[in-house]
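User: I would like to learn how to read enclosed empty space in a protein model, and then how to place that space within the surrounding fold. Could you take me through it step by step?

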Amino acid sequence: MPPPRTRGTALRQRLADLRGPDVPAKALDARALAALAANPGCSRRAILDGAGVNKAALADALGSPSAFGQSQFALTRGNAFEAKVKADGGADLLRLVHEKLDPRADPPTGASVPDLSAIGPEGRTARTGLALREAGRAAGTWTLLDHPMLALDVAGSPAFLEPDAVVVHPDGSWTVVEIKSFPLLDGSADPAKVGAAARQAAVYVLALEAVAARLDPAPRVRHRVLLVCPKDFSNLPAASAVDIRKQRAVTRRQLARLTRIEDIADALPEGTCFSPELPPERLTAAVEAVPAAYAPECLAACELAFHCRDRSRAAGAVTALGRPVRAELGGLATVEDVLAAARGEAGDPDDPAVAALRRAARLRDEALGAMCR
């Protein structure tokens with residue numbers, strides 16, 4: 001008689017069924033996790049990411065292909081730059097860490113670079129944890145972990161994350177390193193790109209803190225990460241220390257607000273599947289069975305954004321106008337409700353949002369009347 005399935009095994013099977021038969025899971029990386037944390041009310045993205053659904057392929061099958069993602073040229077350039085930064089045992093990388101984050105420590109000569117290879121993400125995660133413990137015991141030395149594997153619980157499901165590098169300082173503290181291909185021009189970079197890198201690094205810091213919490217004594221995970229980019233328009237590495245305390249706090253709070261993936265999956269109709277091989281009508285019905293929380297910011301962060309935008313516009317949802325507008329309108333959820341309230345045809349006159357809309361409508365009518373006279 002086979003042993004009974006555990007709840008975790010049943011959930012994994014349920015998520016595999018949602019992907020479709022023989023469809024491999026798409027790993028949930030830190031970039032996707034940061035975007036998910038920025039929109040914790042979107043159950044649609046939570047279940048699709050949790051199930052490992054390829055949202056780009058899903059968007060194509062729905063007839064709303066997305067241009068979201070990096071070009072192949074950018075990926076190739078980024079990989080070449082990362083290889084240059086980590087050449088010679090990471091000498092340049094460790095020099096930048098020492099210079100920007102820990103100048104009082106002894107210079108990093110002869111640093112340890114442990115082998116982190118193992119079978120599967122679980123094996124690599126365990127090997128990373130062992131390497132971090134061993135590095136902590138080697139007091140007074142530098143250690144570079146190249147592409148370690150970390151695990152972070154996201155809405156009751158583990159996400160395996162792979163930062164570019166983690167450095168263990170001589171004092172035993174840990175630093176996350178992010179290597180990007182956008183340039184540092186005169187010591188500064190595009191604020192939007194730096195912000196995205198900081199949010200991504202915050203996810204890695206949270207995962208590292210989970211590892212540190214299991215050690216005694218717990219090592220310190222530094223709240224300043226190292227952002228390494230090409231200097232000006234060259235291929236030479238330059239670096240900047242980025243304080244991610246704010247991004248870490250926001251990401252932690254938003255991840256805690258996520259509805260458990262298990263609860264979302266249990267609420268879906270029996271037989272729901274998101275395989276791109278399904279007929280368009282059935283696939284659309286499956287996607288629409290999960291509520292979304294669309295906002296214009298999704299266009300820069302989610303492959304399904306065009307599909308959700310079309311649906312939001314068709315429903316006249318005010319979320320399509322942006323979160324600030326949605327927040328100002330209170331209980332008015334559709335554009336039709338807003339216009340009716342402004343015309344005085346609906347809405348509670350004591351509602352501040354309704355009162356503001358009616359006043360704005362009066363001012364508009366007065367301005368138009370003055371122009372016509």
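User: Which residues line the largest cavity?

Analyst: Keep in mind throughout that this is a predicted model. As for the general idea, rolling a probe the size of a water molecule over the atoms shows where empty space is left. In this structure, the lining of the largest cavity is made up of Glu178, Val194, Ala197, Ala198, Ala201, Val225, Leu227 and Val242.

User: How many cavities of 30 Å³ or more does the search find, and what is the volume of the largest cavity?

Analyst: Searching the whole structure gives one cavity of 30 Å³ or more, and the volume of the largest cavity comes to about 30 Å³.

User: What is the lining like by class?

Analyst: Sorting a lining by class is a way to describe its chemistry. Here seven of the lining residues are nonpolar, none is polar and one is charged.

User: Which elements each supply at least two residues of that lining?

Analyst: Helix H8 (191-213) and strand S6 (224-230) each do so, and H8 gives the largest share, with four residues.

User: Since S6 is a strand, where does S6 sit in the order of its sheet?

Analyst: To read a sheet, one follows the strands by their pairing and not by their numbering. The order here is S1-S4-S5-S6-S7, in an open sheet of five strands with mixed pairing, so to speak a row in which S6 stands between S5 and S7. At the edges are strand S1 (143-146) and strand S7 (237-243), each of which pairs on one side only, and from one strand to the next the twist averages 25 degrees.

User: How many bridges join S1 to strand S4, and do they run parallel or antiparallel?

Analyst: S1 and S4 (residues 165-168) run antiparallel and are joined by four bridges; within this part of the sheet, Asp146 stands opposite Ala165 in S4.

User: Which helix packs on the sheet, and which strands does that helix touch?

Analyst: Helix H5 (residues 72-85) packs on the sheet and touches strand S5 (174-179), S6 and S7, with a direction that makes about 115 degrees with that of S6.

User: To finish, what does the chain as a whole look like in terms of secondary structure, span and burial?

Analyst: The chain has 15 helices and seven strands, and its C-alpha trace spans about 80 × 70 × 40 Å along the principal axes. Of its 373 residues, 43% count as buried. Among contacts between residues at least 6 apart in sequence, 64% join residues at least 24 apart.

Definitions and conventions. Residues are numbered from 1 along each chain as its sequence is written. This is a predicted model: local features need pLDDT of at least 70, side-chain atom pairs count only at pLDDT 80 or more; totals for chains, interfaces and linings use all residues. Side-chain values use heavy atoms; hydrogens and water are left out. On a 1 Å grid over the protein atoms alone, a cavity is a set of points where a 1.4 Å probe fits but cannot get out, and a pocket is an open set with protein on both sides within 12 Å along at least five of seven lines; lining residues have an atom within 4 Å of a point. Grid points are joined across faces, edges and corners, and a volume is the space filled by probe spheres set on the points. Ala, Val, Leu, Ile, Met, Phe, Trp, Tyr, Cys and Pro count as nonpolar, Asp, Glu, Lys and Arg as charged, and the others, Gly among them, as polar. Two strands pair if DSSP finds at least two bridges between them. Axes are lines fitted to C-alpha atoms, for helices over the stretch in contact, and angles run from 0 to 180 degrees between N-to-C directions. Contact means heavy atoms within 4.5 Å. Buried means under 20% relative accessible area, exposed over 50%, partly exposed in between (1.4 Å probe, protein chains only).
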